[in-house]
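Visitor: Please take a close look at one group of aromatic side chains for me, and then lead me outward from there to the charged contacts and the surface. I am in my first year, so please explain each term as you use it.

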Amino acid sequence: MKMKSHNSETQNGYIKGIDGLRAAAVLMVSAYHLKLPFAKCGLLGVTVFFVISGFLITRILISEIENTSTVNLKNFWIRRVRRLLPAVLTMVAALIFATAACNRVLFTKACQDLTSAVFCYNNWHQIYNQVSYFENAGAPSPLTHCWSLAIEAQFYLVYPLILLVLARFRNRKRLSAGVTAALALISLGLMWMLFNPAEDPSRVYYGTDTRAFSLLFGSCLAMAEEYAGIGKRIPGILRDIAGVAAFIGLIFMMVRIDGYSSFLYRGGQGLASLLAVLVILALLNEDSVLNKVLGLYPLRWIGERSYGIYLWHYPIILLTSGVKKPVWWMILIDVLLTGILSGLSYYFIETPVRRGAIGRNIEIMKSHPETRRERRKHQRIVQRNIRVGAGVLTVGIGVALCAAFVPRDTALDHIDAMEKHAEDVDKLTSQKAAEQKDKKGSGSEDDAQGGRKAMSEEELLASLNLLLIGDSIALDVTEYYYETFPNSISDTAIGRYTMEGIEIYDSYVQENGWDGDGVIFALGSNGPLYEALPALRERMGPDKALFVVTAKAPGTEWEASNNEEICAFAETTENTYLIDWYQASGEHDEWFDEDDTHLLPEGAKAYRECIKEAVLKVFKN
């Protein structure tokens, strides 16, 4: 591709199909947040955005380096700020006012993330945020989605510096391509190595170092095109075939793969990035089939506004529908509001600022008109700018006052009491475990397990030695559980992840010598199951009963996929039984606290009854 003077970014050549690819990506992300069944892994749309951004930005940078042997960092960063910041500030201001008036829980969470969203470090804020588990209950922050903007901004800050240093070497083209490819592989390797299914995946999912490979894959393509002319070396028909196949592959991944599958952390994200590269490579051919399809006007129209759509859709969904799956008419309202607000942002905020409206107006205000006509025009512009400036200042002060003085709220009341209750339950669990260990040493436990066929239901339940492994939901049930199963153990903890259940089971068997009648697996609210169920079933052996409880956690992204896996596992695995808490609690909002997840006393008793019925059904037979 012939290098051109770098006076504007558009001179590198507009690829209409890329806007269509942006449209497909933002539509799948939006569908994912709307909980539509065909977008199980719609968040891969963000990965596609990263690849596109890396490709386009690197094109701009290497074009300038080839023409001027340097990069005007000041101008580059100013353009990036003009592109990203005005739309974010507009969305954040509207969100603060709306949530302060309508939803104080979301308002509280938005205020916690406010500065990180504006100053583009939201991803690291989410990684290192030490807010109480109970304060995080309920809906996520409406600014959670700003993590991806933060990664892009950090890439825009650092990557031009790397290219600028490499540009000083004689073999800068080969060196830049080699370093970029090496950084991409290192980043991909970090995601693979740092991922641990027994821990919170936030560090891997949100980390700039573990997600930069998608941007860098796009950078590699830009260098291959600009430096090696890869588009001309590969026949158009082959690029077409590869591009269409890659696009179908991307859609297949978004539709079929679980959005929190461990596969995504162990190569899946890299595969999606590579497929996006192949799609863009095909789009470089203006006459390609894919370019004609993705270049259709409706897709281009959405793609041009994709940044605003991405910014607005998530807060709107949380405000109108909360964390529950919206009904069809609410989906239409969410889509309509997103279209209107993103359109207004595009026409009145993003486009004017991106085209330099602020700078032009400042220059006009600083000018000294000579004719009467010029003075009148100058006066009108000055008055308009004063009104706009006063409006912006008023909004800014309003946001600051809201954040400072509007009362905060959380999804759960009495958080201190709940955390104290968790400490008390932990002490009780330790006491129960010690008692069981003593009983095993005395041999009294074996005597209690004889003659169950002649027992009443209460005597049978009292004789059983079951190990319940649960999170904070089961924690609320502990006292009621021991009323029914006095010879059993309930080991629960706040924020426990599914794979931690394996470690808990191993510790009871190996350290306490536990050899009871069965295990109740009550995890699944705080993260994906990964391989927890087959791993636990294998450790338990075929003889002990395994009961698996479905999750009721509408504020999470993995509720549906976890429950599907639990039901399928219970149905296809011997001596494994389903406790369908999700189904049993479906019409009983009165059982739950305000976050629709943690239990009130009536709900805790109902949870206990679900366990009791399932256990009796198995052991009475």
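Guide: What follows begins with the aromatic group and then moves on to charged side chains, backbone angles and a surface patch. Please keep in mind that this is a predicted model, in which local features need pLDDT of at least 70 and side-chain atom pairs count only at pLDDT 80 or more, while totals for chains, interfaces and linings use all residues. Residues are numbered from 1 along each chain as its sequence is written, and side-chain values use heavy atoms, with hydrogens and water left out.

The group you asked about is one aromatic cluster, formed by Phe50, Trp147, Tyr205 and Tyr206. Rings of Phe, Tyr and Trp (its six-membered ring) count as a pair if their centres lie within 6.5 Å, and the pair is called stacked if the planes are under 30 degrees apart, edge-to-face if they are over 60, and tilted for the rest. Across the whole structure, a search finds 21 aromatic pairs. One of them joins Trp147 and Tyr206, with 5.4 Å from centre to centre and 65° between the planes, an edge-to-face arrangement. This pair links distant parts of the chain, since Trp147 belongs to helix H6 (residues 147-166) and Tyr206 to helix H8 (residues 202-206), with their positions 59 residues apart. Helices here are DSSP runs (H or I) of at least four residues and strands are runs (E) of at least two, both numbered from the N terminus. Within the cluster, the rings of Tyr205 and Tyr206 have centres 5.2 Å apart and planes at 85°, so this pair is edge-to-face.

Where do these rings sit with respect to the surface, buried or exposed? A residue is buried under 20% relative accessible area, exposed over 50% and partly exposed in between, judged with a 1.4 Å probe and protein chains only. Trp147 is buried because its relative accessible area is 4%, Tyr206 is buried at 13%, and Tyr205 is buried at 10%.

From the rings we can turn to charged side chains, which meet in salt bridges, a term that means a side-chain nitrogen of Lys or Arg within 4 Å of a carboxyl oxygen of Asp or Glu. The whole structure holds 15 of them. In one, Asp209 and Arg203 come together at 2.6 Å, N to O; Asp209 is partly exposed at 27% relative accessibility, and Arg203 is also partly exposed, at 27%.

Another salt bridge, at 3.0 Å from N to O, joins Glu457 and Lys620. Here the partners come from distant parts of the chain, 163 residues apart, with Glu457 in helix H21 (residues 457-463) and Lys620 in the segment after helix H28 (601-619). Glu457 is partly exposed, with a relative accessible area of 32%, whereas Lys620 is exposed at 52%.

Helix H28 also supplies Arg608, whose partner Glu483 lies in helix H23 (residues 478-484), 125 residues apart along the chain. The side chains of Arg608 and Glu483 meet in a salt bridge of 3.6 Å, N to O. Arg608 is buried, with a relative accessible area of 11%, while Glu483 is exposed at 58%. Elsewhere, Glu66, Arg172 and Lys173 are linked in a network of salt bridges.

Two residues deserve a look for their backbone angles. Tyr530 is not a glycine and yet has a positive phi of about 50°; Tyr530 lies in the loop between strand E3 (518-522) and helix H25 (532-540), and counts as buried at 9% relative accessibility. Asp596 likewise has a positive phi, near 60°, in a residue other than glycine. Asp596 is found in the loop between helix H27 (581-584) and H28, and is partly exposed at 22%.

Finally, on the surface, Arg372, Arg373, Arg375, Arg376, Lys377 and Arg380 gather in a patch of positive charge. Patches are made of residues with over 30% relative accessible area and no salt bridge, with like charges joined within 9 Å and nonpolar side chains (Val, Leu, Ile, Met, Phe, Trp, Tyr) within 5 Å. Arg372 belongs to helix H18 (residues 372-405) and counts as exposed because its relative accessible area is 57%.

Note on methods
Accessible areas come from the Shrake-Rupley method with a 1.4 Å probe; for residues, only the protein chains shown count as cover. Lys and Arg count as positive and Asp and Glu as negative; His and the chain ends are not counted. The place of a charge is taken as NZ of Lys, CZ of Arg, CG of Asp or CD of Glu.
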